[in-house]
Amino acid sequence: MAAFEEALAAATAVAGRVPKGLYIDGAWRPAQGGKALAVEDPATGSVIAEVADASVADALDALAAADRAQQAWAATPPRERGEVLRRAFELMLARRDDLAGLMTLEMGKAFAESQAEVSYAAEFFRWFAEEAVRIDGGYLTAPGGGSRVVVMRQPVGPCLLITPWNFPMAMGTRKIGPALAAGCTVVVKPAKQTPLSMLALVGILEEAGVPRGVVNLFTTSRSGAASSALLDDGRLRKVSFTGSTEVGRTLLGQAAHRVLRTSMELGGNAPFLVFDDADLDLAIEGAVQAKMRNVGEACTAANRFYVQRSVLDRFVSGLAERLGGLRVGHGLDPETEVGPLIDGNAVQSVGELVADATAAGAKVVTGGAAIAGDGYFFAPTVLSGVPGDVRTVREEIFGPVAPVVAFDAEDEALRMANASEYGLASYVFTENLARGLRVSERLESGMVGLNQGIISNPAAPFGGVKQSGLGREGGRVGIDEYLNIKYTAVRAAW
Ligand code: NAP
């Protein structure tokens with residue numbers, strides 16, 4: 001208990017020191033009209049801070065600053081752009097525990113997971129610091145001769161970056177890193193439930209030497225109105241969004257009016273396939289990771305488990321034993337393995353999905369209900385005998401619930417796995433490499449975990465197909481989202 005109280009006091013002190021204003025044109029300032037937005041600790045429901053609640057005019061000021069800074073930033077030597085990111089990477093690592101405590105305080109995930117996210121988030125700054133100096137072009141001879149083609153890649157210009165609450169730092173650095181490396185200026189809008197992590201991150205970028213106007217940040221309770229105004233403004237050249245498919249669709253519709261460049265990292269409904277030739281202990285461990293990372297509030301979270309009938313009972317009882325044994329509590333308590341959900345609506349929606357499945361005949365093997373008391377807790381849950389078409393299987397659960405469906409043949413498993421409008425991540429467990437690759441090829445998703453439950457890393461081109469999104473973040477291709485290709489055709493009369 002003493003360790004918990006100490007950690008809570010330390011994180012609260014960090015939250016107190018984080019700047020709470022808008023960061024526009026290299027300066028912190030209050031929102032016009034002086035409005036504020038309350039931030040809660042989801043483990044207790046109590047307010048931990050108030051941050052500026054930007055108006056539409058504030059958001060437009062942020063874009064104006066980004067626009068003014070664009071030309072000079074694009075002309076800044078790539079090595080200098082990279083060094084700013086590199087310094088920010090080092091500052092993040094040096095302050096990892098403070099940042100992790102802050103993240104847990106406003107988002108809920110267990111402290112060790114927040115530490116892992118800070119390290120993962122920082123890696124995008126290191127990765128793109130290295131990519132800033134590798135933006136290449138080309139020199140071609142036209143097939144008929146007589147002309148040369150000089151191909152160059154240039155920054156797209158000021159970008160709006162909208163991020164969700166579930167990975168409040170990594171979803172930011174995965175956009176800010178490549179944008180800055182490419183020579184783009186940015187306006188960042190974090191989710192209203194977790195603004196402190198992004199405010200701390202922008203403070204670090206400021207300390208790392210980001211020039212005035214290159215990074216701008218506003219927090220607001222009027223996301224729709226503010227982003228509409230920015231999307232309608234000719235100075236904005238790109239929107240990169242991570243969040244729900246529903247909001248992504250709205251933004252794509254708005255972006256269409258100005259044929260704006262877009263990157264969309266949207267929702268998922270990941271199938272997790274366990275074949276009878278899998279290493280079952282490994283599959284159960286992978287299932288715990290793929291399901292319980294971030295309390296199940298991850299776009300890559302395993303959402304539905306398809307298990308071959310001959311290993312079904314062993315898988316279900318092994319998974320239930322592991323999930324039922326996880327310690328649930330305040331994420332800053334060193335004993336805690338599973339924190340709260342983000343808010344009361346999340347608890348209600350997860351409860352409804354469980355009720356829908358049980359009404360259709362599913363059996364609760366462990367968990368199954370919200371945990372009474374302060375905060376927004378839901379017990380880690382395993383459902384067996386789940387009919388293949390209930391809401392829990394069709395919709396993104398975003399909570400600690402594992403519905404298990406039986407299958408007999410590989411084709412049947414693939415058919416069920418691909419029967420979704422989403423296509424972000426999938427998981428396959430088998431010791432047969434040929435089957436693993438065959439199934440990976442046939443799965444309709446942007447990413448597959450083969451015998452592993454965690455698939456994210458900075459070198460990987462993260463992203464989805466179908467309604468899970470457009471574009472890729474991270475990896476060698478992540479910077480392409482922020483570059484335009486141009487060529488100059490040169491008369492070659494020699
Ligand atoms: P969300 O409701 O779509 O919100 C995401 C962001 O969009 C927040 O900053 C939110 O601001 C903002 N927003 C909401 N309505 C908007 C509008 N009309 N115009 C402009 N911005 C708007 O999603 P969420 O609940 O925060 O995050 C969970 C979702 O994100 C899940 O579906 C998850 O799968 C997805 N996700 C995807 C990835 C990926 O890489 N594919 C990664 C993480 C999460 P407010 O906070 O003010 O509402």
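**Exercise 1. Work out how tyrosine 120 and phenylalanine 124 are placed in helix 5, and how their rings meet.**

Step 1: Start with the spacing. Tyrosine 120 and phenylalanine 124 are four residues apart in helix 5 (residues 111–131), so about one helical turn separates them. Helices here are DSSP runs of H or I with at least four residues, strands are runs of E with at least two, and both are numbered from the N terminus. Keep in mind that this is a predicted model, where local features need pLDDT of at least 70, side-chain atom pairs count only at pLDDT 80 or more, and totals for chains, interfaces and linings use all residues. Residues are numbered from 1 along each chain as its sequence is written, and side-chain values use heavy atoms, leaving out hydrogens and water.

Step 2: Look at the rings. They form an edge-to-face aromatic pair, 5.0 Å centre to centre with 65° between the planes. (Rings of Phe, Tyr and Trp, the latter by its six-membered ring, pair if their centres lie within 6.5 Å; planes under 30 degrees apart are stacked, over 60 edge-to-face, the rest tilted.)

Step 3: Check the burial. Tyrosine 120 has a relative accessible area of 11%, so it's buried. Phenylalanine 124, at 1%, is buried too. (Buried means under 20% relative accessible area, exposed over 50%, partly exposed in between, with a 1.4 Å probe and protein chains only.)

Step 4: Zoom out. The whole structure has eight aromatic pairs. Elsewhere, Phe272, Phe305, Phe315, Tyr427 and Phe429 make up one aromatic cluster.

**Exercise 2. Find the place of strand 12 in its sheet, and name its partners.**

Step 1: Write down the strand order. This open sheet has seven strands, ordered 14-17-18-13-12-19-20, with mixed pairing. (Two strands pair if DSSP finds at least two bridges between them.) At the edges are strand 14 (363–366) and strand 20 (447–450), each pairing on one side only.

Step 2: Take the strand 13 side. Strand 12 (residues 270–274) runs parallel to strand 13 (residues 302–308), and five bridges join them. Leucine 273 stands opposite tyrosine 306, and proline 271 opposite arginine 304. Between these two strands the chain passes through helix 10 (residues 280–292), in a right-handed β-α-β crossover. (Right-handed: with the strands pointing away from the viewer, the path from the first strand over the helix to the second runs clockwise.)

Step 3: Now the strand 19 side. Strand 12 pairs with strand 19 over three bridges, again in the parallel sense. Here leucine 273 has valine 428 as its bridge partner.

**Exercise 3. Is strand 12 mostly covered or uncovered?**

Step 1: Count. Five of its five residues are buried, which makes the strand mostly covered.

Step 2: Sort them by face. Ala270, Phe272 and Val274 are on one side, Pro271 and Leu273 on the other, and all are buried.

**Exercise 4. Which residues does aspartate 25 touch?**

Step 1: Locate it. Aspartate 25 is in the loop between strand 1 (22–24) and strand 2 (27–29).

Step 2: List the contacts. Leaving out residues up to four places away in sequence, aspartate 25 touches Ala65, Arg68, Arg212, Gly213 and Asn216. (Contact means heavy atoms within 4.5 Å.)

Step 3: Link back to Exercise 1. Aspartate 25 and phenylalanine 124 are 99 residues apart along the chain, and 24 Å separates their C-alpha atoms.
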